[in-house]
Amino acid sequence: MSTPLLSLEDVSVRFPVGGRRHVTAVDGVSLELCEGETLGLIGESGSGKSTVARAAMGLVPISGGTVRWRGEDVSGFGAKERRGFSQAVQMVFQDPHSALDPRRTILQSVREPLDVMKRGERQDREQIAVKALEDVGLSTQMLSRYPHQLSGGQKQRANIARALVTNPQVLVCDESVAALDVALQAEILNLLQDLKAEYELTVLFISHDLSVVGYVADRISVMYLGNIVENATTESLVGRSLHPYSEALLSAQPLVHDSSAERRIVLKGDIPSPVSPPPGCRFNTRCQFAQEGCREEKPALLPVLPGHSSACLRVEELYGERRGKGAA
Amino acid sequence: MTVVTTRAQTATTRRRAGRLSVWVSYAILAVVLIVVVFAGVIAPHAPNTQDLDRILLPMSGAHPLGTDDLGRDVLSRMLHGTRVSVLAALLAVAIAVVIGLPLGIAAGWLGGWTDAIVMRIVDAVMSFPAIVLAIGITATMGPNIITAMTAVGIVLSPSILRLARAQTMAIRSETYIEAAKSFGARGLRRMVVTHVVPNIIQPILVQIAVLMGFALIAEASLSFLQLGVQPPTSSWGAVLSRSYTFLDQAPMQIFIPGLAIAATVFAFNILGDEIQRLLDPKRK
């Protein structure tokens, strides 16, 4: 396995919610993003996946754990290293419209990262921005337009171009296609695949849509209520999920040729509030296999098969695999 | 046969009426501007020359708007007074913007203690009725148009401040601000000048236009109470005050400054609406 470019070790993020109470949006999450791969992070709304991305980018302060860039703790970075880090890790946001300043032209917005980093001459920056816009398939007549004059797909292309001008190594895509219609989603996903090859990118792809993540990701981490519950290669996860929550997610995926109705596992109720998470396994309130023990002991994320970890106490009974077996 | 007016027709009519009031407002403001610049050239007489043989004359060829109680030409006094009134209003609005805009942006952008302290001061200022505070300040500092309009400016500043604060707070949570932070943008120039100011300026300009009207009325009120412009200097408020005293001898004269104030305030208000329409980024 190659060295991790960006890694999160036991990262927690807590937000104050008035008084002395806190929401633990992300609770002890560890992730490793290896050079050249696409890691998919999936979970339903409120599972903390966007907060993980923001913590990795340094956009929200972390209350525990460490974020490492090429093995070095990001919190210890000086101004110069910090700049190098923000140049190397770029983000594409969910809503293509609000991510662009309505009073700036597309060219101004796309050029902005270079302006902030004061790279080279203005002329050169402009050329880099124009090249990035060409790479994402926006014609030069779009340069002087304002965001409201572009379609959703064009805006998301501009956002991607802005993330590319600094020539980053890591691209964090936070629900980057969720606001687009299905045909456009496919277009943007293919564009991201092409750009990944062209710019030699490593991608952290966050989505709630398993079909989208399954299409782009090499590995997938499944999040539930601030925890990672399963971690595996895409093939292994889709082919043989080892966690009841992932199973439920997989069963919700509509199939074209097969009737998905009978194998569908419908989760009851909403995701519990992270202000007062349930004791024991976070998923026990909605899990069809939950037992007494699940309400007491919180399962750790342990390897079950090689490269496949699951955080379920009953993994052996349910899936016939022993916890800890895959540990090298 | 009944005439059916469709909604589209009503909307068109309304839009035409809207356009007309805009053109009328532009015309009024253009006249005001010309008078401010060329008052000395246009005026038929010197504004302060007295002629006690010809007091309180009605409108005539020699004195198109008549003469006041000291025999001064009312038209000339109105023209010169326009300059004083408009500059006084501009002074008050400028002070309001200079105080309100940076403090409002700072409070909205920084939040926390800065916001708490600024807003408590604003609450204190706002708890005084505007004119009363201005009267209080001029009463202690001595009646003088500069002091009076500075006081008005201070009193008007919370309206700019609160607007700038609210707009900044709304912008602060926009994704494009987060995006800018994600590639390392920070600092006053990068964040506030590039992203915040252009996005909040539209409602601020509207507010400035509205405040111009308000400041004109404030000048007239203070001068009417003889706390603003001091004799023999002329202003709309001063002319109004003088004509009020002799209302029974020359009843027409009070309408002249009154109409000038009303028309100009109206024009500034329409201008405010028009700025809003013109600066909408969706129109570009």
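Colleague: How much of residues 6–250 of chain A is helix and how much is strand, and how far apart are the end C-alpha atoms?

Modeller: Over residues 6–250 of chain A, 39% is helix and 27% is strand, with the end C-alpha atoms 28 Å apart. Helices (H or I, at least four residues) and strands (E, at least two) are DSSP runs, numbered from the N terminus. This is a predicted model, in which local features need pLDDT of at least 70 and side-chain atom pairs count only at pLDDT 80 or more, while totals for chains, interfaces and linings use all residues. Residues are numbered from 1 along each chain as its sequence is written, and chains are lettered from A and ligands numbered from 1 in the order in which they are written.

Colleague: Which UniProt annotation covers that span?

Modeller: The UniProt record, an unreviewed entry, gives "domain: ABC transporter" for residues 6–250 of chain A. UniProt positions follow the numbering used here, with feature names shortened, and annotations may be inferred rather than shown by experiment.

Colleague: In what order do the four strands of the open sheet in chain A run?

Modeller: The order in chain A is β2-β1-β4-β5, and the pairing is antiparallel; two strands pair if DSSP finds at least two bridges between them. β2 (22–34) and β5 of chain A are the edge strands, each with a single partner strand, so one side of each has no neighbour in the sheet.

Colleague: How many bridges join β4(A) to β1 of chain A, and how many join β4(A) to β5?

Modeller: Strand β1 (residues 4–16) of chain A is joined to β4 (residues 64–69) of chain A by five bridges, and Leu6(A) has Trp69(A) as its bridge partner in β4(A). Two bridges join β4(A) to β5 (residues 72–73) of chain A, again with the strands running antiparallel, and here Arg68(A) has Asp73(A) as its bridge partner in β5(A).

Colleague: What is in the turn of the β4(A) and β5(A) hairpin?

Modeller: Two residues lie between the strands of that hairpin. Arg70(A), in the loop between β4 and β5 of chain A, has a positive phi of about 50° although it is not a glycine.

Colleague: Switching to helices, how do α3(A) and α4 of chain A pack?

Modeller: α3(A) and helix α4 (residues 122–135) of chain A pack at an angle of about 125°, with their axes 9 Å apart. Axes are lines fitted to C-alpha atoms, for helices over the stretch in contact, and angles run from 0 to 180 degrees between N-to-C directions. The angle makes α3(A) oblique to α4(A), given that under 35 degrees counts as roughly parallel, over 145 as roughly antiparallel, 65 to 115 as roughly perpendicular and the rest as oblique. The crossing of α3(A) and α4(A) is right-handed (the near helix is turned clockwise from the far one by less than a right angle; anticlockwise would be left-handed).

Colleague: Which residues make the contact of α3(A) with α4(A)?

Modeller: Leu107(A), Val110(A), Arg111(A), Leu114(A) and Asp115(A) come from α3(A), and α4(A) contributes residues including Ile128(A), Ala129(A) and Leu133(A). Contact here requires C-beta atoms, placed from the backbone, to lie within 7 Å. By class, that contact has seven nonpolar, no polar and four charged residues (Ala, Val, Leu, Ile, Met, Phe, Trp, Tyr, Cys and Pro count as nonpolar, Asp, Glu, Lys and Arg as charged, and the others, Gly among them, as polar).

Colleague: And which elements of chain A supply the side that touches chain B?

Modeller: In total, 21 residues of chain A are in contact with 18 residues of chain B. α2 (79–88), β6 (89–92) and α3 (106–116) of chain A each supply at least two residues of the side of chain A that touches chain B, and α3(A) gives the most, with three. That side of chain A has eleven nonpolar, five polar and five charged residues.

Colleague: What does UniProt list for chain B?

Modeller: An unreviewed UniProt entry places "domain: ABC transmembrane type-1" at residues 82–272 of chain B, a span that is 82% helix and 0% strand. The spans listed as "transmembrane region" include residues 117–139 and 254–272 of chain B; the end C-alpha atoms are 28 Å apart in residues 117–139, which are 87% helix, and 28 Å apart in residues 254–272, which are 95% helix.

Colleague: How do α4 and α7 of chain B pack?

Modeller: Helix α4 (residues 130–141) and helix α7 (residues 188–224) of chain B pack at about 50°, with axes 11 Å apart, which makes α4(B) oblique to α7(B). α4(B) passes α7(B) in a right-handed crossing, with Ala130(B) and Ile131(B) of α4(B) and Leu222(B) of α7(B) among the contact residues.

Colleague: Where is Pro232(B), and what is the peptide bond from Pro231(B) to Pro232(B)?

Modeller: Pro232(B) is in the loop between α7 and α8 (236–245) of chain B, and the bond from Pro231(B) is cis, with omega near 5°.

Terms used:
Two residues are in contact if their C-beta atoms, placed from the backbone, lie within 7 Å.
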